[in-house]
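Colleague: I am new to this structure and would like to know how the labels given to it are justified. Could we go through them one at a time, with the value and the cut-off side by side?

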Amino acid sequence: MRKDVTTSMLETDISNIWGSIEFSDLMKMEPRLSKAHETLAEGTGEGNDFLGWHHLPSRTTEAELDAIQKAANQIRRDSKALVVIGIGGSYLGARAAIEFMNGVMHNETDPVKIYFAGNHLSTRALNALVDRLENIDFSINIVSKSGSTMETAVAARMFRWLLNRKYGPEKAKQRIYVTTDPMKGKLRALAKEEGYMTFPIPSNVGGRYSVFTACGLLPMAVAGIDIRSVMAGARRAETELDVRSMDNPAWLYAAARNLMYENGKKIEMLCSYEPDFEYVGRWWQQLFGESEGKDGKGIFPASVDLTPDLHSMGQFIQDGARIMFETVINVEESPEEVVLKEEEIDTDGMNYLAGKNVDFVNKSAMNGTILAHTDGQVPNLKVNVPEQNEFYLGELFYFFEFACGISGYLLGVNPFNQPGVESYKRNMFALLGKPGYEKEREELMKRL
């Protein structure tokens, strides 16, 4: 039976954390949660110049969604593939959404293939993608606030050149879509000079919080995802998560993970029993890793794919260092049903499963694992998602964004900056010989 999206909402289940934390300690968190919520809602804390994501679902206009959908329809008419060129928040949300909705094998069946580039510097991987595009019509979507991110800029040059060679400069321009800062930056200047179609990443929205901008929505729409349903789910979450009490699932999630951190649990593993959730996990890793990992603090975020990783990481999770807890994403209603049949000769001894569907087996594996890990002193949170559709995808994305803001303020850090990310970039620019980095290059070369 399909869930009624007007009544069913995702939930945080904390029934498998007791013993690692006490109920009294959880309730003592309420004043801190209320303060963190107030800081976020009223924009009085550090990072308040990057709170534009907070009301994106409710403030995104129909005209803005129309423009994104119109561009997506144009891409679907004239292209057999779209290359999304971006790194971090410029592509993870889009890829997570597309695989969540269309599956990890989406390029085998979808009428428009969605490829991702600009998130690495591998010559082999770039050339492999060029070979796939050689004989088909394609467009590109360059996603970067600045336009100077190394991985993205290298790929953007390469695929712009490929379009120019294939279609000629003028026709190539009609196949280049740019998502960038609305006012400034090298990519904004290039787009204006060349006349590319552009979409804004609001200046007050950081990359890892940008999934509800054209960063996420344009590739989603090209993949055939109903972006209005995604935004509807996010809008409901924006309203529902403004409840200032322990009934708020984001409060429960933020409180439980911070209490476990304070009690020595330094690693959080996001677990899912659906392969289509792999990139939801990667998006979540960036969201929490960049938001909380600073000032010598933070829970280390790691995502695992269960049941496969039970056959590789299961031993460590069950019996290794007791420094971790798990958050399980549980999709309550499977979109598919495969019923196991009885075989005349029960060679594999599995006839006892006859008449049961595979989702029942999967849920049994999940519940058995949760109980085993809890017994092994690995506490488990569970986020129950009613169904795998666009509405609940929007709700899930917003839930994690909101909970991350609350959690960061509980931890005592600025959840909206990423000062540590710049260190490797300075070294890379120096080693590449970028003008202005001569002194740094000299010093680094002595160390190599």
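Colleague: Why is Glu-170 called exposed?

Modeller: Its relative accessibility is 55%. Exposed means over 50% relative accessible area, buried means under 20%, and partly exposed is in between (1.4 Å probe, protein chains only). Glu-170 is above the upper cut-off, so it counts as exposed.

Colleague: What kind of model do these values come from?

Modeller: This is a predicted model, in which local features need pLDDT of at least 70 and side-chain atom pairs count only at pLDDT 80 or more, while totals for chains, interfaces and linings use all residues. Residues are numbered from 1 along each chain as its sequence is written, and side-chain values use heavy atoms, with hydrogens and water left out.

Colleague: What makes Glu-170 and Lys-173 a salt bridge?

Modeller: A salt bridge needs a side-chain nitrogen of Lys or Arg within 4 Å of a carboxyl oxygen of Asp or Glu. For Glu-170 and Lys-173 the N to O distance is 3.4 Å, so the pair meets that limit. Both residues lie in helix H9 (residues 169–173), 3 residues apart, about one turn of the helix. Helices here are DSSP runs of H or I with at least four residues, strands are E runs with at least two, and both are numbered from the N terminus. Lys-173 has a relative accessible area of 23%, so it is partly exposed.

Colleague: How many salt bridges are found in the whole structure?

Modeller: The search finds 14. One of them joins Glu-262 to Arg-32, with the closest N and O atoms 3.3 Å apart. This pair links distant parts of the chain, with Glu-262 in helix H13 (residues 249–262) and Arg-32 in helix H2, 230 residues apart. Glu-262 is partly exposed because its value is 44%, and Arg-32 is partly exposed at 34%.

Colleague: Which residue forms a salt bridge with Arg-236?

Modeller: The partner is Glu-395, and the closest N and O atoms are 2.8 Å apart. Arg-236 lies in helix H12 and Glu-395 in helix H17 (residues 390–411), so the pair ties together parts 159 residues apart in sequence. Both Arg-236 and Glu-395 are buried. Elsewhere, Glu-62, Asp-66 and Arg-228 are joined into one network by salt bridges that share partners.

Colleague: Why are H11 and H12 called oblique to each other?

Modeller: Two packed helices are described by the angle between their axes and the distance between the axes. Helix H11 (residues 214–222) and helix H12 (residues 227–240) pack at about 140 degrees, with their axes 9 Å apart. Under 35 degrees counts as roughly parallel, over 145 as roughly antiparallel, 65 to 115 as roughly perpendicular, and the rest as oblique. The angle falls in none of the named ranges, so the two helices are oblique. The contact (heavy atoms within 4.5 Å) is made by Leu-217, Met-220 and Ala-221 of H11 and by Ile-227, Val-230 and Met-231 of H12.

Colleague: How many residues of H11 are buried?

Modeller: The count is 9 of its 9 residues, and H11 is described as mostly covered. Among the buried residues are Cys-215, Pro-219 and Val-222. Just after H11, Gly-224 takes a positive phi of about 90 degrees.

Colleague: Why does Thr-179 count as buried?

Modeller: Its relative accessibility is 0%, so it counts as buried. Thr-179 sits in strand S5 (residues 176–180). Beyond residues up to four places away in sequence, it touches residues including Val-143, Phe-199, Ala-214 and Cys-215.

Colleague: How do you know whether Gly-86 is buried or exposed?

Modeller: Gly-86 also has a value of 0%, and therefore counts as buried. It is in the loop between strand S2 (81–85) and helix H5 (92–102). Leaving aside neighbours within four places, its contacts include Tyr-91, Asn-119, Val-143 and Thr-152. The C-alpha atoms of Gly-86 and His-120 are 9.3 Å apart, although 34 residues separate them along the chain.

Colleague: And where does His-54 lie?

Modeller: His-54 is in the loop between helix H2 (30–42) and helix H3 (56–59). At 6% relative accessible area, His-54 is therefore buried. Its contacts, not counting residues up to four places away, are Leu-40, Ala-41, Glu-238, Tyr-398 and Phe-402.

Conventions: Axes are lines fitted to C-alpha atoms, for helices over the stretch in contact, and angles run from 0 to 180 degrees between N-to-C directions.
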